[in-house]
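Student: I have a two-chain model open and would like to talk it through with you. Could we go step by step?

Tutor: Happy to, so let us put it on the screen.

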Amino acid sequence: MPEGVLAPPTRDRLQSAAALADARILSHAARSRAVDLYLTSGSGRTRPNRRWKVDLDALAFDPISEVDAERGVRFSGSLGRAIALPLATAAREHSETLARITRLVDIERWKFGALAMGLSSFGALVHVPADYDVAEPIFITYRIGAFSAFPRTLVLLEAGARATVIVDFQCDDGSFVAASSELIVEERAHLHFATAQRVDAKSVALESAVARVGRDGSAVLATADFGAGLIVRDRESSLDAPGARLEQSALFLPTGAGHLDVTASVRHVAGSTTSQTVVKAAAGDSAIARFLGNIVILPHAAGSDASLRDDALILTPRAHIDSVPALEIACNDVKAYHGATVGAIDDEQIFYLRSRGLDESEARRTIALGFFEPTVDAFPTAALRDALTQRIVETLS
Amino acid sequence: MSETMGLRVAGLRATVENTEILRGIDLVVEPGKIHALMGPNGSGKSTLALSLAGHPHYQVTAGSATLDGTSLLDLTPEKRARAGLFLSFQYPAAIPGVKVANFLHAARQAVRPGSLAPAAFRAMLVEKMEILGMDPSFMGRYLNDGFSGGEKKRLEMLQMAMLAPKYAILDETDSGLDVDALRAVGDSISALRASDEGRQAGMLIITHYPRILKHVTPDVVHVMMDGRIVLTGAHDLAERIEREGYDGIRDEVGARA
């Protein structure tokens, strides 16, 4: 948890931070409006209670970002004809693309999205032209250190384009990050978007993410969250036209006194759209995790097929996981499934593995890795999957 | 044959939640022999199997159990497996996310460390799966997760074949199987006993019904009732049970109803 040395920033302080930020990325008037939206909109979360210790509507942080707009972001991977640029550069050279994504996504609808927008000083734009397949993953690395940062990640895949984008936040203890991910997948395009994060005890990571998927397009979204800090994600995916598909997965493994709160909403706007959401959450020590999964099938979305699978593993008696799946279906002729389990590792599973020669700690590790496997498998490269597996093993031991 | 060889159980008593289920079991399975342990439901057959494997819910209160001279009762379940004991579970646990091939490799490494190079392991796996009539796609499936009853039992037999134990206890491996699956189980036992590693394997086949014994011919048949072995005989004892059921034997031995 962040220490209470800072008070929540006042409106004046937020507005002066917005006024200092780069007007080429976003006009000062728009920033001012976004900051006011941050202050006036609710986080949608309940107030602190016996378990949940943090008031998400009164977070304390330093609104001035010290991160260098150009050097704070690095790209690697072979781009070919795709464009990947720091947001400040993109604002000069591709302002229309930026404006278009901003308009389509409207990230300010989320409290922390409005914050990222209002104070955003750096970030990245990835733009893949029509029918171009970026064979190799594009890595975006944000070097944030122990500072505040408000990075926006904007991705536009034109019709028929394919790309894998992996975002890495390099933060030191004490960082405060309010990030946005704004993803447009046009018709027949395919995006694989992944981010894995460890948030230390004194750090805060907030993300608002919107993905919009067009006709016969598809998006695979994978997240993995570790650590003892505060992690909040608001994710919304919108399946805008027939044939659009979404696979999203989330792996949570908070430890220490970590607080993790994720909402994932899938909107089936058009018919014949498909979504799969898989969440695997485990909590250790006295960590707390909350997950709200929401499937919305709108009135004209006949033939939609949605599933939401949400499993939680309690590793210690003091850990706590709340999981709320919700379905809002305004249409007949759809398939919607949700299932949720919460529990500890089963003694019969442990005995079964021990009877095959594995000792108890190996048995527990095997079961826990198996539990997370579908969400590790959703990550795009073998190196990332191995690193995640390693991190799970380290966290559990 | 040395007097310590074999899976030797003497005077074994065990309780589950303070209720005594095993009331003095004496049993010797010698290397290379097949024993059938038959008996009605509730007679304690599965309790014997799970007690020998070291299930934590079963408390052994008296007696001994040794495997080729090694006392099993002081060992953890994994050390019993490493000593060469294998239990084919009546109800194997599902472990989602753990792929069959990876699990088999880990188990083989744990039980017989360093004994097979990866390529040899792979070849052995393919061969054993063919004997069991298992599709290669099994290797990538999650352990018992969404498996049918027959698939679970085939996977137990595959594990037995891959681990090549010195002594295997098959707890109702035949129950709920169709004729093809039964034959596959029989073939798997025969194949293990035909292999170099499994030639001397001793087997304790626990069954309610005699039909598995059409596919595997036991050297010795035991009948268990009320926590004791009440009758021991040759293969024809199983045929008698098929004809008469357990009631005739119960009357003969005077076991409590």
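Student: Over how many bridges do strand 1 and strand 4 of chain B pair?

Tutor: Keep in mind that this is a predicted model. Strand 1 of chain B covers residues 7–16, and B:Leu7 stands opposite B:Leu67 in strand 4 of chain B. The two strands pair in the antiparallel sense, and the number of bridges is eight.

Student: Which residue is the bridge partner of B:Val16 in strand 2 of chain B?

Tutor: Strand 1 of chain B also pairs with strand 2 of chain B, in the antiparallel sense over eight bridges. These two strands form a hairpin with two residues between them, and B:Glu17 in the turn has a positive phi of about 45°. The bridge partner of B:Val16 in strand 2 is B:Thr19.

Student: And which residue of strand 5 of chain B is the bridge partner of B:Leu67?

Tutor: Strand 4 of chain B spans residues 58–67, and its antiparallel pairing with strand 5 of chain B runs over two bridges. On the strand 5 side, the partner of B:Leu67 is B:Thr70.

Student: Which strands are the edge strands of this sheet in chain B?

Tutor: The sheet is open and has four strands in the order 2-1-4-5, with antiparallel pairing. An edge strand pairs on one side only. That description fits strand 2 (19–29) and strand 5 (70–71) of chain B.

Student: Let us turn to the domains. Which element gives the largest share of the side of domain 1 of chain B that touches domain 2 of chain B?

Tutor: Chain B is divided into domain 1 (1–33 + 52–82), domain 2 (84–216) and domain 3 (220–257). The contact takes 16 residues from domain 1 of chain B and 13 residues from domain 2 of chain B. On the domain 1 side, helix 1 (45–53) and helix 2 (77–83) of chain B are the elements that give two or more residues. The largest share is four residues, and it comes from helix 2 of chain B.

Student: How far apart do the C-alpha centres of domain 1 and domain 2 of chain A lie?

Tutor: Chain A is divided into domain 1 (1–213) and domain 2 (241–256 + 265–397). Eleven residues of domain 1 of chain A are in contact with eleven residues of domain 2 of chain A. The C-alpha centres of these two domains are separated by 25 Å.

Student: Which strand gives the largest share of the domain 1 side of that contact in chain A?

Tutor: The elements of chain A that give two or more residues to this side are strand 7 (162–171) and strand 9 (190–199). By residue type, the side divides into seven nonpolar, two polar and two charged. The largest share, three residues, comes from strand 9 of chain A.

Student: Now for the contact between the chains. Which helix of chain A gives the most to the side that touches chain B?

Tutor: The contact takes 19 residues from chain A and 21 residues from chain B. On the chain A side, helix 6 (347–354) and helix 7 (360–377) each supply at least two residues. That side divides into eight nonpolar, five polar and six charged residues. With eight residues, the element that gives the most is helix 7 of chain A.

Student: Are helix 5 and helix 6 of chain B roughly parallel or roughly antiparallel to each other?

Tutor: The axes of helix 5 (residues 149–163) and helix 6 (residues 179–194) of chain B come within 10 Å and cross at roughly 5°. Among the residues that make the contact are B:Met157 of helix 5 and B:Val185 of helix 6. Angles under 35 degrees count as roughly parallel. The two helices of chain B are therefore roughly parallel.

Student: One last one: is B:Asp226 buried, exposed or partly exposed?

Tutor: B:Asp226 lies in the loop between strand 11 (220–225) and strand 12 (228–233) of chain B, and its phi is positive, about 50°, although it is not a glycine. A buried residue needs 20 or more other C-beta atoms within 10 Å, and an exposed one has 12 or fewer. Because B:Asp226 has 18 within 10 Å, it counts as partly exposed.

Note on methods: Residues are numbered from 1 along each chain as its sequence is written. Chains are lettered from A and ligands numbered from 1 in the order in which they are written. This is a predicted model: local features need pLDDT of at least 70, side-chain atom pairs count only at pLDDT 80 or more; totals for chains, interfaces and linings use all residues. Domain bounds come from an automatic or database domain assignment. Two residues are in contact if their C-beta atoms, placed from the backbone, lie within 7 Å. Two strands pair if DSSP finds at least two bridges between them. Ala, Val, Leu, Ile, Met, Phe, Trp, Tyr, Cys and Pro count as nonpolar, Asp, Glu, Lys and Arg as charged, and the others, Gly among them, as polar. Axes are lines fitted to C-alpha atoms, for helices over the stretch in contact, and angles run from 0 to 180 degrees between N-to-C directions. Angles under 35 degrees count as roughly parallel, over 145 as roughly antiparallel, 65 to 115 as roughly perpendicular and the rest as oblique.
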